[in-house]
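Here is a set of exercises to work through with a structure open beside you. Try each task on your own before you read its solution.

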Amino acid sequence: MCYCNQHWIAQRLPHMLLQRAQGDKWVLSTGKRVEDALYHYGMQCSHEHLCHSFIIDPYDENYLKNNVFTMNELKEIQSFNKKPMPLMPTDLLKYLNSFRATNASDMRKLILNSNIYDQSFDRSKNFDFDWIRNTVYNLLLEYEANHLENDHAETWIMLHIWSFIDKAFLDIDGVEVVRGEGSSRASSKRKNLHRVAASTNPLKRKAMGRRGDLIIRKWHTEYGCCEAGKIFDGNNGTKLLEEKSLKMPKMMKDMFVDLCEAVNNEKNKIKKLETVGFIIAGI
């Protein structure tokens, strides 16, 4: 449970709000300013909430329960400049669906069956097909070893099952996936923004960034993160709620702010930026 520092709220939130001119605030069709609504709600909260970072989750039922926004206002927020999920190319989807078998022996034949991509493999065009086949093959190895029936630690699941997420980025030069509760550089950058050399006061210890189960990074820039759980205990499980409703969105915001600085805060470029997050649990 995350309890809020009321002194921090009283000092920090007004400053953050005042940094935004009235004309820069998001005004809904009802005339309500989103930032102002988040500010007033944040002043009422006794526990840490995304509103304290001016992050809004339009699916958070707290906003309805506490009369922060109406249902229509939340729908307006949900639909504003909404970016649809990209569709999988038809030929790739067909290839994925070709791996259907009722036993391990038949699945092995499907995997090892030579196809056109093997004859003239072009990494820039055929990587996704190769990634699918390798993912299926690696899962088959775990299945044949009866590992999927046993209980495992979260680390084992991340390395043996969910590692296909890491490998999905192997075709992008410079991108690496950091695991093992890696610390976010973007988060560390924000936390140490006002760190100064020792003078009248001693030098403060450098604050670590938020730790994630997986961080997608290219050189010094971060683009996404992932949180994982050993078991899935429902959409309202404590771990899932804490990670999707607080930890991961705050880390994604730090990454987004860092990306904005990377493009010199040019508005036309900022509107094209996205950070991504994965929440995974169990097998």
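The exercises below deal with this predicted model, and each is followed by a worked solution.

**Exercise 1. A helix and its cover**

Task: Find out which residues of helix H2 (residues 34-44) are buried, and say what this tells you about the setting of the helix.

Solution:
- Start with the cut-off: a residue counts as buried under 20% relative accessible area.
- Next, go through H2 residue by residue. Val34, Glu35, Asp36, Ala37, Leu38, Tyr39, Tyr41 and Gly42 pass the test.
- Finally, set this against the length of the helix. Eight of the 11 residues are buried, so H2 is largely enclosed by the rest of the structure.

**Exercise 2. Three salt bridges**

Task: Using the model's salt bridges, examine the pairs made by Lys25, by Lys32 and by Lys230, and work out which parts of the chain each pair ties together.

Solution:
- A reminder to begin with: side chains of opposite charge can pair when their charged atoms come close.
- With a cut-off of 4 Å between nitrogen and carboxyl oxygen, the count is 10 salt bridges.
- Take Lys25 first. Its side chain meets that of Asp36, at 2.7 Å from N to O. Lys25 sits in the loop between helix H1 (6-18) and H2, while Asp36 belongs to helix H2, so this pair links parts 11 residues apart in sequence. Lys25 is buried at 9% relative accessibility, and Asp36 is buried at 18%.
- Move on to Lys32, whose side chain forms a salt bridge with that of Glu73 (3.0 Å, N to O). Lys32 is in the loop between H1 and H2 and Glu73 is in helix H4, so the pair ties together parts that are 41 residues apart in sequence. Here Lys32 is partly exposed, at 25% relative accessibility, whereas Glu73 is buried, at 4%.
- End with Lys230, which pairs with Asp151; their closest N and O atoms are 3.4 Å apart. Lys230 lies in the loop between strand E3 (221-229) and helix H12 (238-262), and Asp151 in the loop between H8 and helix H9 (154-160), so this bridge joins parts 79 residues apart in sequence. Lys230 is partly exposed at 34%, and Asp151 is exposed at 66%.

**Exercise 3. Cysteines and disulfides**

Task: How many disulfides does the model have? Check Cys45 and Cys225 as part of your reasoning.

Solution:
- The test is a pair of cysteine sulfur atoms within 2.5 Å. By that test, the count is zero disulfides.
- Cys45 is in no disulfide: the nearest cysteine sulfur, that of Cys51, is 4.2 Å away. Cys45 is buried, at 11% relative accessibility.
- For Cys225, the closest cysteine sulfur is in Cys226, at 7.8 Å, which is too far for a bond. Cys225 is also buried, at 0% relative accessibility.

**Exercise 4. The surroundings of an arginine**

Task: Locate Arg133, decide whether it is buried or exposed, and list its contacts outside its neighbours within four places in sequence.

Solution:
- Arg133 is part of helix H8 (residues 123-144).
- Its relative accessible area is 15%, so Arg133 counts as buried.
- With those sequence neighbours set aside, Arg133 is in contact with Tyr95, Phe99, Ile111, Asn113, Asn115 and Asp118.

**Exercise 5. Two asparagines with positive phi**

Task: Compare the settings of Asn67 and Asn81, asking where each lies and whether each is buried or exposed.

Solution:
- Begin with the backbone. Asn67 has a positive phi of about 55° although it is not a glycine, and Asn81 has a positive phi of about 50°, again without being a glycine.
- Then place them. Asn67 is in the loop between helix H3 (62-65) and helix H4 (71-79); Asn81 is in the loop between H4 and H5.
- Last, check the accessibility. Asn67 is exposed, with a relative accessible area of 68%, and Asn81 is exposed as well, at 60%.

**Exercise 6. A nonpolar surface patch**

Task: Which residues form a nonpolar patch with about 240 Å² of accessible area together?

Solution:
- The patch on the surface is formed by Met88, Leu93 and Leu96.
- Of these, look at Leu93, which is found in helix H5 (residues 90-97).
- Leu93 counts as partly exposed, at 40% relative accessibility.

Terms used. Residues are numbered from 1 along each chain as its sequence is written. This is a predicted model: local features need pLDDT of at least 70, side-chain atom pairs count only at pLDDT 80 or more; totals for chains, interfaces and linings use all residues. Side-chain values use heavy atoms; hydrogens and water are left out. Patches are made of residues with over 30% relative accessible area and no salt bridge: like charges are joined within 9 Å, nonpolar side chains (Val, Leu, Ile, Met, Phe, Trp, Tyr) within 5 Å. Accessible areas come from the Shrake-Rupley method with a 1.4 Å probe; for residues, only the protein chains shown count as cover. Helices (H or I, at least four residues) and strands (E, at least two) are DSSP runs, numbered from the N terminus. Buried means under 20% relative accessible area, exposed over 50%, partly exposed in between (1.4 Å probe, protein chains only). Contact means heavy atoms within 4.5 Å.
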